[in-house]
Structures are given as structure tokens and as C-alpha cells.
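Here's a walk through the model for anyone who wants to get their bearings before heading back to the bench. We'll start with how the helices are counted, then move on to contacts and empty spaces.

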Amino acid sequence: MLGYLLRRIFAAVPVMGVVALFVFLLLRLTPGDPAAILAGDNATPERLERIRTSLGLNEPLIVQFITWVNKLLHGDLGTSLISNLPVMKMIGQRVEPSISIALCTIILAVIVAVPLGVIAAWKHGTWIDRFVMGLSVLGFSVPVFVVGYVLIEVFALELRWVPVQGFKSISAGFGPFFERMILPTCALSFIYIALIARMTRAAMLDVLGEDYVRTARAKGINEVAVMMRHALRNAAVPVITVIGTGFALLISGVVVTESVFNIPGIGRLTVDAVLARDYPVIQAMILLTSLVYVVVNLLIDVAYTLLDPRIRY
């Protein structure tokens with residue numbers, strides 16, 4: 001297992017290198033001048049030149065890239081051009097809300113969707129199956145912000161069960177943290193419940209006709225044990241892929257949910273940085289997103305080896 005993990009990690013290194021080069025060139029070669037943004041509309045050419053020199057923007061691209069990579073290797077993601085704060089500090093201030101939403105959402109989605117998918121496959125062709133698939137279609141059809149506003153109207157404004165917006169760190173107490181996570185988690189998990197339920201149903205239908213399932217039933221094994229121990233275990237590989245990819249998407253794509261519920265996460269930080277052409281922040285966020293995808297894919301590969309003995313280390 002250790003050798004397999006090391007091979008996968010080494011394979012990810014050139015991927016991150018290509019991503020870093022692509023991000024650097026993409027941001028440097030697109031129109032716009034960060035020095036002009038910092039200096040303002042009435043800046044003189046001399047002031048613009050001083051800012052470019054201080055930021056190293058007058059250096060050749062290869063020199064800028066080498067300098068940037070050297071800082072990355074030393075854990076320095078740079079300094080924001082707009083706020084003049086270290087990028088690492090800015091991400092550290094915003095990462096907890098986004099990770100909290102992503103974890104709560106994926107946990108809720110798995111707890112609800114996997115049993116729904118298993119039951120739909122077990123009762124294939126019945127009204128239960130059609131009901132679950134109908135819910136899945138609804139989940140794909142309704143935008144997240146619509147679900148969010150409906151939840152706010154009903155549970156926050158009308159019933160006043162939970163706060164409307166905002167975020168509380170778990171260090172402030174589990175109660176305040178939980179009550180502010182309920183609505184964004186439910187809003188964002190709607191589509192992921194639909195996705196995971198459909199994938200679980202499809203994967204279960206593929207394996208329910210296999211010989212080992214029929215053999216288990218012929219031995220008189222309880223139907224629940226057949227579904228969970230034999231069928232679901234062998235159907236879990238595509239389901240795990242969807243769950244892992246969904247988690248990576250959640251980390252990098254919770255902008256709408258954070259905006260609806262006024263949560264200061266990394267999604268909103270990324271949008272603000274793009275609008276302000278804050279190069280260091282944009283670069284750091286894209287690299288962070290790429291790293292999340294690489295780590296998630298590594299974990300998925302490890303799960304494959306644990307679930308499928310045919311895969312060798």
C-alpha cells in the first residue's frame with residue numbers, strides 16, 4: 001500500500017507543475033495591469049513604473065515564474081495586491097466556512113442518497129423506484145439559490161427556527177455552528193443527493209443480476225445482508241468516485257451558497273480576487289483547487305484498492 005501511495009504522489013507532482021505553469025501564464029498574458037488597479041485612475045506614469053518595479057512585473061516572465069515557484073516551495077503564496085495581506089492568511093481566514101459546508105453537505109448527501117439509491121434498485125420498477133427517481137430529477141432541476149431562498153423564507157423568516165445568514169466557527173460552540181450550517185447544507189445537498197442516489201441505483205442494478213448475488217440469495221441469506229454486504233460493496237466503486245468528485249466540487253464551487261447565506265468562504269474570496277485582478281490570490285486559489293482534486297483522486301484510488309482485490313498495489 002505504501003509503495004502504491006508513493007507512486008500516485010509522484011505522479012501528481014508533474015500535474016501540479018503543469019497547473020502552476022498554466023495558471024502563471026494565463027494570468028500574466030490576459031489583458032489588464034495590476035499596477036494600474038493599485039495606483040488608481042489618476043496615477044502618473046512614474047508612479048505606475050514604481051509599482052511595477054516593486055511587484056517585479058518588469059522582469060521577464062521566466063524570472064517572475066522562477067521567483068514565484070521558489071516562494072511556493074518555501075510556503076509563501078505571496079501578498080495580496082489589494083489588501084496587502086499575506087495570501088496564506090487570507091485563505092486561512094476563509095477556509096473553515098467552505099470546508100464546513102462541504103463536509104456537512106457531503107455527509108448529509110451520503111446518509112440520505114445511498115439508502116435511497118439502494119432501495120430504488122431493490123424495488124426497481126415499483127412506485128418507490130419512480131418516486132426516488134422523481135426526486136432526483138427535481139434535485140437536478142431546481143437551482144441551489146432557489147432552494148436556499150425557499151429555506152430562508154420558510155425556516156428563518158416565517159418559523160424563525162434558525163438564523164437567516166452568517167457563519168459561526170465551531171470553536172464558538174457546536175450549537176451556534178450547527179444552527180447556521182443547517183440551511184446552507186440542506187440547500188447545497190439537494191443536487192448532490194439526486195446525483196449520488198441516481199448513481200447508487202444504477203450501480204446496484206448492474207450487480208443485482210450477477211451470479212454471486214443469486215448465490216447469496218439461494219443460500220437463504222437475509223435480503224438486507226445481500227443488498228448491503230454483497231451488492232453494495234461491489235457497486236461502491238462508481239459511487240465513491242461520484243462522492244469524491246462531488247466533495248472536490250464543493251470545496252471549489254460554493255460561491256452561490258456562500259453569497260445567498262452571506263458566508264465568508266473561499267468561493268467569495270476567489271470571486272473578489274478575480275474582479276480585482278489580484279494575481280497572487282487567484283493563483284493560490286487555483287492551485288489550492290487543483291491540489292484538492294489531486295488529493296481526492298488519490299483517496300479514490302486507495303478506496304478502489306480496498307474494495308476491489310483485483311487491483312494490485
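A quick word on naming: helices here are DSSP runs of H or I with at least four residues, numbered from the N terminus. With that in hand, the loop between α11 (255-260) and α12 (266-276) is easy to find, and N262 sits in it. Keep in mind throughout that this is a predicted model.

**The overall picture**

The protein has 13 helices and zero strands. Of its 313 residues, 38% are buried.

UniProt, in an unreviewed entry, lists "transmembrane region" for residues 9-27, 99-122, 134-157, 177-197, 235-261 and 281-307. Two of these spans can be checked against the model. Residues 99-122 are 100% helix and 0% strand, with end C-alpha atoms 34 Å apart. Residues 177-197 are likewise 100% helix and 0% strand, and their end C-alpha atoms lie 28 Å apart.

**Two asparagines with positive phi**

Back to that loop between α11 and α12. What is the sign of phi at N262? Phi there is positive, near 55°, in a residue other than glycine. N262 is partly exposed, with a relative accessible area of 39%.

N84 also has a positive phi, about 60°, although it is not a glycine. You'll find N84 in the loop between α4 and α5. Is N84 buried or exposed? At 61% relative accessibility, N84 counts as exposed, because the cut-off for that label is over 50%.

**Salt bridges**

Side chains of opposite charge can pair when their charged atoms come close. How many salt bridges turn up in a search of the whole structure? There are two, and here they are:

| Salt bridge | N to O distance |
|---|---|
| D129 and R201 | 2.7 Å |
| R180 and E179 | 3.1 Å |

Take D129 and R201, whose side chains meet in a salt bridge. D129 lies in helix α6 (residues 127-141) and R201 in helix α8 (residues 174-208), so the pair ties together parts that are 72 residues apart in sequence. Both D129 and R201 are buried.

The other pair is R180 with E179. E179 is partly exposed, at a relative accessible area of 30%. Both R180 and E179 come up again in the next section, among the residues that line the largest cavity.

**The cavity**

Searching the whole structure gives one cavity of 30 Å³ or more. The largest cavity has a volume of about 40 Å³. Its lining is made of P163, V164, Q165, G166, E179, R180, L183, P184 and F261. By type, that lining divides into five nonpolar, two polar and two charged residues.

**The pocket**

The largest pocket holds about 550 Å³ of space. It is lined by 21 residues, and M16, L77, L287, L288 and L291 are the ones that lie nearest its centre. The elements that give two or more residues to this lining are α1 (2-29), α4 (61-73), α5 (87-122), α10 (223-252) and α13 (279-307). Which helix gives the most? That's α13, with five residues.

What about the chemistry of the pocket wall? The lining divides into 19 nonpolar, two polar and no charged residues. The pocket also draws on both domains: at least three lining residues come from each of domain 1 (1-74) and domain 2 (87-307).

**Two pairs set apart in sequence**

Two more pairs of residues are worth locating in the viewer. How far apart in space are I91 and V281, C-alpha to C-alpha? They are 8.6 Å apart, with their positions 190 residues apart in sequence. I91 is found in helix α5. With a relative accessible area of 8%, I91 is buried, because that label applies under 20%.

The second pair is G17 and V69, which are 52 residues apart in sequence and 9.4 Å apart in space, C-alpha to C-alpha. G17 lies in helix α1, one of the helices that contribute two or more residues to the lining of the largest pocket. G17 is partly exposed, with a relative accessible area of 35%.

Definitions and conventions:
Residues numbered from 1 in each chain as written. Predicted model: local features only at pLDDT ≥ 70, side-chain atom pairs only at ≥ 80, totals over all residues. Heavy atoms only, no water. 1 Å grid on protein atoms, 1.4 Å probe; cavity = no way out; pocket = protein on both sides within 12 Å on 5 of 7 lines; lining within 4 Å. Points joined across faces, edges and corners; volume = space filled by probe spheres on them. Nonpolar A, V, L, I, M, F, W, Y, C, P; charged D, E, K, R; others polar. UniProt positions renumbered as here; feature names shortened; annotations may be inferred. Salt bridge = Lys/Arg side-chain N within 4 Å of Asp/Glu carboxyl O. Buried < 20%, exposed > 50% of the residue type's maximum accessible area, 1.4 Å probe, protein only. Domains from an automatic or database assignment.
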